[in-house]
Amino acid sequence: MFGISGTELVVILVIALILVGPDRLPGYARKAGRFVRDMRTRGTALRRQSDIDVHGIVEDSGINDIRRNLDAAKQDVDRLLPPIR
């Protein structure tokens, strides 16, 4: 998880327990959990939106039509010219 080993996580938790105290630590842990969840949700939404935008750009640019035309032209050339060996 985040490139942190088990012993490093224990050290971080002990330091947090000393600095914050046992009374407020659960509240801070909850806030940190909510923050991570919100960031993941926003990251997922941003990734989906960028996928939609890129797909729309490709469709609007006509690249697929050009690709189809080139494939058809290649098939015509392959059909008309005998294979050169």
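This report describes the fold, the surface and the salt bridges of a single chain in a predicted model.

**Overall architecture and confidence**

The chain holds three helices and zero strands, and its elements follow the order α-α-α from the N terminus on. The mean pLDDT of the chain is 83, and 86% of the residues score at least 70. Among the elements, helix 1 has the highest mean pLDDT, at 88, whereas helix 2, which spans residues 25–61, has the lowest, at 83.

Burial is scarce in this model: 2% of the 85 residues of the chain count as buried. The accessible surface amounts to about 8,000 Å², and carbon and sulfur atoms contribute 64% of that area.

**Helix 1 and its surroundings**

Helix 1 comprises 15 residues, and the distance from its first C-alpha to its last is 21 Å, close to the 21 Å expected at 1.5 Å a residue. Helix 1 is followed by Gly21, which has a positive phi near 100°.

A nonpolar patch lies on the surface in this part of the chain. Ile4, Leu9, Ile12 and Leu13 make up the patch, which covers about 320 Å². Ile4 belongs to the segment before helix 1, the helix itself running over 6–20. Ile4 counts as partly exposed because its relative accessibility is 34%, a value between the 20% and 50% limits of that class.

**Helix 3**

Helix 3 covers residues 63–80, 18 residues in total, and reaches 26 Å from its first C-alpha to its last, close to the 26 Å expected at 1.5 Å a residue. This helix is hardly covered, since the count of buried residues among its 18 residues is zero.

**Salt bridges**

The whole structure contains three salt bridges. The table gives each pair with its N to O distance.

| Basic residue | Acidic residue | N to O distance |
|---|---|---|
| Arg68 | Asp65 | 2.6 Å |
| Lys74 | Asp78 | 2.9 Å |
| Arg79 | Asp76 | 2.3 Å |

How far apart along helix 3 are Arg68 and Asp65? The two residues are three apart in the helix, so about one helical turn separates them. Arg68 counts as exposed because its relative accessibility is 52%, while Asp65, at 43%, counts as partly exposed.

Lys74 and Asp78 also lie in helix 3, where they are four residues apart, about one turn of the helix. Asp78 has a relative accessibility of 47% and therefore counts as partly exposed.

The pair Arg79 and Asp76 is likewise placed in helix 3; the two are three residues apart, so about one helical turn lies between them. Is Arg79 buried or exposed? Arg79 is exposed, because its relative accessible area is 63%. Its partner Asp76 counts as partly exposed, with a relative accessibility of 35%.

**Summary**

In outline, the model is a chain of three helices without strands, with 2% of its residues counted as buried. The nonpolar patch includes Ile4 and Leu9. In helix 3, the salt-bridge partners Arg68 and Asp65 are about one helical turn apart, as are Lys74 and Asp78 and also Arg79 and Asp76.

Note on methods
Residues numbered from 1 in each chain as written. Predicted model: local features only at pLDDT ≥ 70, side-chain atom pairs only at ≥ 80, totals over all residues. Heavy atoms only, no water. Expected span 1.5 Å × (residues − 1). Buried < 20%, exposed > 50% of the residue type's maximum accessible area, 1.4 Å probe, protein only. Areas by Shrake-Rupley, 256 points an atom, 1.4 Å probe, with all protein chains shown as cover. Patch = residues over 30% accessible without salt bridge, like charges linked within 9 Å, V, L, I, M, F, W, Y side chains within 5 Å. Salt bridge = Lys/Arg side-chain N within 4 Å of Asp/Glu carboxyl O. pLDDT = per-residue confidence, 0-100.
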